[in-house]
Amino acid sequence: MTALAQRADVEAVLTRVPTGLWIGGQAREARTGATFAVHDPAIGSVLTRVADAGVDDGLDALSAAAQCQREWAATPPRQRSEILRRAWELVTAQADDFATLMTAEMGKTLAESRGEVAYGAEFLRWFAEEAVRVGGRTTTAPSGNGRILVSKEPVGPCLAVTPWNFPLAMGTRKIGPALAAGCTVIVKPAEDTPLTMLLLASVLRDAGLPDGVLSVIPTMNAPSVVGALMSDARLRKLSFTGSTPVGRALIAQSGENVLRTSMELGGNAPFIVFDDADLDAAVEGAMAAKMRNGGQACTAANRFLVHNAVRDAFTAALTERVASMRVGAGAEADVDLGPIINARQRDRIADLVDRTISAGARIRTGGSVISGPGHFYAPTVIDEVGADAEISSAEIFGPVAAITGFDTEEEAIAAANNTEFGLAAYFYTRDLDRAARVASALEAGMVGVNRGIISDPAAPFGGIKQSGLGSEGGAEGIEEYLNTKYTALTA
Ligand code: NAD
């Protein structure tokens with residue numbers, strides 16, 4: 001497709017995106033009339049402008065959410081389920097539009113955007129199915145003196161704060177279970193990528209979601225708008241996906257009104273290759289775990305720990321694959337790697353790599369910024385990285401594979417666990433005993449054994465240690481939006 005045809009595709013989708021604040025089932029201006037620009041990271045140009053919510057706009061959204069909370073909670077689960085199911089159908093039918101928009105505002109390749117549309121939409125279908133399966137229990141009190149009735153109730157109005165790396169899925173992973181549970185929701189999307197969430201809001205309205213149940217409030221003033229909502233006692237829950245430092249601050253802030261919180265924070269995933277691994281499969285898995293989304297994923301492999309007996313072979317094969325990646329605008333055909341989200345993130349990656357090289361590691365391929373327009377960084381492999389190097393403890397969040405050698409299983413496990421994070425971990429081995437032993441020893445909320453992709457809407461996604469609190473997806477995901485109530489009955 002020519003650049004002109006791509007531009008026409010994006011323009012056509014943009015005519016369908018509500019660019020106001022989505023409050024009360026329609027788009028409207030910010031009270032101050034303020035707007036901010038959304039950029040295409042592949043060319044750096046402005047795609048469009050969206051309304052910029054202030055504190056008062058945020059509180060308007062909370063008023064809408066609080067007003068319809070009771071009615072939404074009382075809506076029959078089957079009806080809530082059918083709205084979510086219709087939303088899944090509509091997003092799926094408009095998959096090309098969502099993918100075009102996501103590539104335009106975030107930069108990932110069109111193939112990856114299509115993958116995210118399928119993944120992100122699936123949270124709507126999965127939680128449509130969960131909406132009608134919320135249970136409780138009744139037991140006889142052990143004393144024989146009455147019955148214990150346990151029931152589940154929606155927690156109430158929720159605030160969902162999302163990052164830019166998966167503009168659809170990070171929203172639907174919260175909206176799906178919240179709506180299924182009977183909660184109203186306000187979404188504060190990332191500044192870089194608000195358009196996908198705004199389009200989703202209009203699709204949910206088309207699916208029959210009552211006005212006010214969902215609001216989307218893009219803002220350039222996240223701390224003040226989110227802070228004001230968290231200080232308002234009508235808000236009952238915060239679900240945050242983003243970096244660990246911001247998550248830590250929000251957990252502290254949530255103490256003010258004792259808010260329920262779910263936290264999906266940063267990661268530092270080890271990717272261990274044992275000497276008995278199927279090396280071809282390990283390289284394939286490494287490409288997926290490292291290069292998907294340009295490495296801009298919380299589950300991205302951050303540290304490759306490779307047994308010294310196979311390190312040269314693995315590194316050579318991975319380097320060959322990485323060096324052959326085609327870099328360009330995500331909308332172009334045959335591109336494997338799109339741009340980094342913005343210049344700040346690209347420069348952060350470049351500085352981290354430069355410091356790693358100065359500290360003695362060796363570049364096998366890449367290692368440099370690709371000149372613009374757009375914010376590109378060359379896909380990179382670095383070998384001979386020290387286990388205590390800065391790049392082994394920092395979240396790289398870019399297309400850079402850093403390889404460290406090891407000699408024993410114990411050494412690999414100790415290195416893998418030597419981090420404050422505990423989100424994802426991957427390892428490759430053909431030994432079944434070792435697979436069971438290492439999976440259990442790794443301090444991570446999610447472990448991939450002989451595979452580089454683990455995300456699945458039907459599985460609980462979440463971290464331990466400083467990677468987060470709670471799970472999204474699976475049977476667990478809806479629990480994050482439900483309170484447990486105990487009623488004592490005499491009979
Ligand atoms: P970020 O923490 O900078 O921002 C995330 C969101 O929080 C954005 O919407 C931002 O506007 C908002 N925000 C920032 N500062 C805030 C504040 N003081 N108060 C309230 N809101 C604030 O993260 P990011 O750069 O957008 O995303 C990348 C990070 O997200 C990485 O650390 C990545 O690992 C993490 N992430 C985690 C998961 C997961 O499921 N664990 C998934 C995707 C991304």
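These legends accompany close-up views of a predicted model. Local features need pLDDT of at least 70, side-chain atom pairs count only at pLDDT 80 or more, and totals for chains, interfaces and linings use all residues. Residues are numbered from 1 along each chain as its sequence is written, and side-chain values use heavy atoms, without hydrogens and water.

**View 1. The ligand and its polar contacts.** There are 29 residues around the ligand, and T162, K188, S243, L265 and E395 come nearest (near: a heavy atom within 4 Å). A polar side-chain atom of S243 is 2.6 Å from a ligand oxygen. E191 also places a polar side-chain atom 2.9 Å from an oxygen atom of the ligand. T162 uses a polar backbone atom, 2.7 Å from a ligand oxygen (polar contact: a pair of N or O atoms within 3.5 Å). The protein buries 87% of the 840 Å² that the ligand exposes when taken alone (Shrake-Rupley method, 1.4 Å probe).

**View 2. The shell around the ligand.** Both domain 1 (3-265 + 467-488) and domain 2 (269-456) give residues to the shell, so the ligand lies between them (bounds from an automatic or database domain assignment). α6 (169-181), α8 (222-231), β10 (237-241) and α9 (244-253) each supply at least two shell residues (DSSP runs: helices, H or I, at least four residues; strands, E, at least two; numbered from the N terminus). The largest share, three residues, comes from α8. By class, the shell holds 17 nonpolar, seven polar and five charged residues (nonpolar: Ala, Val, Leu, Ile, Met, Phe, Trp, Tyr, Cys and Pro; charged: Asp, Glu, Lys and Arg; polar: the others, Gly among them).

**View 3. The cis peptide bond at P373.** G372 and P373 are joined by a cis peptide bond, with omega about 10°. P373 is in the loop between β15 (369-370) and β16 (376-377).

**View 4. The backbone at N293.** N293 has a positive phi, near 60°, and is not a glycine. N293 is in the loop between α10 (279-291) and β13 (301-307). Most residues other than glycine have a negative phi.

Definitions and conventions
A polar contact is a pair of N or O atoms within 3.5 Å; within protein, one must be able to donate a hydrogen and the other to accept it, and residues adjacent in sequence count only if both atoms are side-chain atoms.
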